[in-house]
Amino acid sequence: MHPAEAAGRLSAHELQNARLGLWLFIVSEAALFSAFIAARYLNLGTSRPEELNQLLGLGITGVLLLSSLTAYRAETCIAHGDRPGFLRNVLWTVLLAGVFLVGVVVEWGEGFHYFPPSTRYGTSFFSLTGLHGLHVLSGAVLLLGIYLHGRRGRYGPGEYWPVEGVVKYWHFVDVAWVFIYPTLYLVG
Amino acid sequence: MRPDRLPEKLSVGGRVFGALGVLTAVEWFAARWPGALLWLTLIALGKTALIAEYFMHYSQLVRPEE
Amino acid sequence: MRVTGPVLKGLLYGAVGYVLGGPVLAAVVRAAGGSFPFDLELAAGSVLGTVGWLAGVGMWDVWARGWFGLPLRSWPEDDGVARYFRFTTDHKVIGIQYLVTFLGLLFLGGALAMLMRWELMRPGMQLLTLNGFNQVMSLHGIIMIAVAVAILLGGLGNYCVPLMIGAHDMAFPRVNALSYWLTPPVAVMLLASLLVGGWDSGWTAYPPLSTVNAPGQVLMIVAVVIFGLSSILGGINFLVTIARMRAPGMTWGRLPIFVWSVFAASLLSFVVTQYLAASLLMVLLDRVAGMSYFHFARGGTPVVYQQLFWFYSHPAVYIMIVPAFGAALEVITHFARTPLYAYRWVVGAFLGIVGLSTIVWAHHNFTSGMPDWMHAPMLATTEAISVPTGLVFLSALGTLLRGRLWLRTPMLFALAWVWNFLIGGITGIFNADVATDLHLHDTYFVVAHFHYTIMGGEIFALLAAVYYWYPKITGRMYDERLGRLHFWWSFLAFNATFLPMFWAGLHGMNRRIADYPAALGSVNLWTSLAAFLLGASFLVFLYNFVVSWVRGPRAEANPWQASTLEWQVPSPPPVENFPAPPAVVGAPYVYGMPGVRHAVLGAAGGSER
Ligand SMILES: [Cu+2]
């Protein structure tokens, strides 16, 4: 192990390695989502039940977009040495993630009633929202982790790769929803 | 990275968020246009491009200085 | 304890994880009045068991503690044989771990094949039950698929790529260790599946059968998904390593061809493997969450599984075979003592294969009832792949024609690769053509075809590469006479086993069956006897491999007088490989060019040239 790594800091070269590695991981994850999205179209075309709660769908979409903004602000703040701004924005992001998950749970409750997992639409609905929800949950845990580390004084300008990585992952979770939302709620 | 550029950077984020909001609104209506699947795909790709470039700093991969 | 401690701890934590995630969780949910199917118990238990195993084997100490702000613990880098039994980050240790583990699995899969051939020796049932045969056949298939995916990339790729590009290690050493340590649970789960009824749907796990068969199927699914994660992480690691860890002067055009082949295979595997995971996860969801992806009674569409599954599993054959191309060409160019013929065309061919192999998947579905309009395009794209593979072939032939051949064991196996893969490639055309495939689908013709490509192609190239790099990896020389014996024995037995299978398939011998009409008795008897000989030939290899490692004569740094970087350091190379990054100044294969060099090593370099 290299000294810089042992101290939790990355050299410029290692930082670029880490960035490229994370991007490739994100591309790979995108392929996983694309397979489930493809299965939706292959199994049932663009058909969609009338009972979907459109307002709720649009609402949680907005919440997730907003959480991307707060995540962006958190990363930008720590890059410029504004620790209080960083902590505030991370906390907001976690909060919005929580709101999103509550929205999904409510939607699941309605879904079990109108289009349970054994139906064709329910199959795609529950697996796509479930897979995405797991990513939201893991993203929220990671965000909470960098919040706790940040409160203890870790990270600062030029040494915030964990923040950058978690935030990138969080944006990816948002991008996945950018495709899942129209696939489940809008087409058809 | 000078601290005085922070408000400027943060306002970029605000504008990107605004653009994403507008695209989401357009999406809502595009679902009823003919050829909806194509329009929805294009809009989703547009949103992805915005997020990847401005939020995820895609160009860092080619220009590390960003 | 120093040696076995981490593995024992891993087993203990793994067992605790399994019990907590499986039986205990199930009991809690059931006590609360919920339902918790046994399938879910198996799946959740194995996932948590894998996490426990990883933590125990050292990932907690050397990595995960840091996530919680705790100081990391580390082991001494140079700790003899104990390094191989813990979460070690040195790419050379990991390469050997992969190589030995998957050679072990290769022998296990081979033993299962012997069992099948015993059963198939005569018409009627001799040894196994019908269901037992299905389980053996399925287990043989999946184990060999795992071996074929991981042994070259994980074993020799890990060991050689950083050395060949002049790097001190992989880009992400700890992720690399994670990739390896994910694989033992995979093997355990596949074998443990036999305790819960095994599974009888073959390595392809086609629904609707796989949505309703014995719970062993669940363990197979979890195992394959975890194996997929391992190969995705490995692929990303290779891509970043090759893109960003090259020594000064090591331009893309100076990369040894094996490095290019690992790069191309990784480019495929890190994306398409997710489709395998997705298709199997859908089967799992049908089983544990009552979903209707493929479950027929609930209105699922089994053909969709075949589309998603083959979107991975066709490219997978190139994840297996492209590194084999690279390894075989590497050996051929060094032992023909001439630069690789048409280097640039081969690189282009590798990248062409990467692109083309993602648009040919449905040639596996000509008889499965997919839409008719997909037949012609899939036929055309599949046959188009013969253009880049043909280029690889021509490069091998051109190099052989221009060189002076040095017929040592590695070269003999590389030449066998040329022959075997030629037959495998040509017979592929009949499977790609819709008209002939309708007749050949699911017969032994297909079995013979893919064994010629994967065993005759990949495994023979692997053997060439293992003999070639053996002195570098072990620091010992293998026994050349035994090597040649292994070569002639296995080459002849291989062809004797699989050539007649084409005939059997043409005459209606179905694959994956335990019994057959008496008229096919003699060809099956011959095949079985030849297969036993083929199996026995590997004992020569095993003996040579093990005994030479212990007692073989010490190897020099560069016994083949090869030009690439891994041969310019001692055998085996020291930790961190190079005292200083080497300066690469020319093409990789500088044979017959006096005064031209590939690289200049630092003053403290270990070259003995
Ligand atoms: Cu194929």
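Reader: What makes a residue of chain B count as buried, and what share of chain B is buried?

Author: This is a predicted model. A residue is called buried when its relative accessible area is under 20%. In chain B, 33% of the 66 residues are buried.

Reader: How do you know which elements chain B holds?

Author: Helices and strands are DSSP runs, with at least four residues for a helix and at least two for a strand. Chain B has two helices and zero strands.

Reader: What makes residues of chain B and chain A count as being in contact, and how many do?

Author: Their heavy atoms must lie within 4.5 Å. By that rule, 32 residues of chain B are in contact with 35 residues of chain A. About 3,000 Å² is buried between the two chains. Carbon and sulfur atoms give 77% of that area. Trp28(B), Phe55(B) and Met56(B) supply 21% of what chain B buries there, more than any other three residues.

Reader: How many salt bridges join chain B and chain A, and how do you know?

Author: A salt bridge needs a side-chain nitrogen of Lys or Arg within 4 Å of a carboxyl oxygen of Asp or Glu. The count between these chains is zero, so no pair meets that test. Polar contacts are another matter. Five residue pairs make them, with both residues at pLDDT 80 or more.

Reader: Which elements of chain B give two or more residues to the side that touches chain A?

Author: They are α1 (6–30) and α2 (36–55). α1(B) gives the most, with eleven residues. By class, this side has 21 nonpolar, six polar and five charged residues.

Technical notes:
Residues numbered from 1 in each chain as written. Chains lettered and ligands numbered in written order. Predicted model: local features only at pLDDT ≥ 70, side-chain atom pairs only at ≥ 80, totals over all residues. Heavy atoms only, no water. Buried area = accessible area lost by both parts, 1.4 Å probe. Polar contact = N/O pair within 3.5 Å; in protein donor to acceptor, adjacent residues only side chain to side chain. Nonpolar A, V, L, I, M, F, W, Y, C, P; charged D, E, K, R; others polar. Buried < 20%, exposed > 50% of the residue type's maximum accessible area, 1.4 Å probe, protein only.
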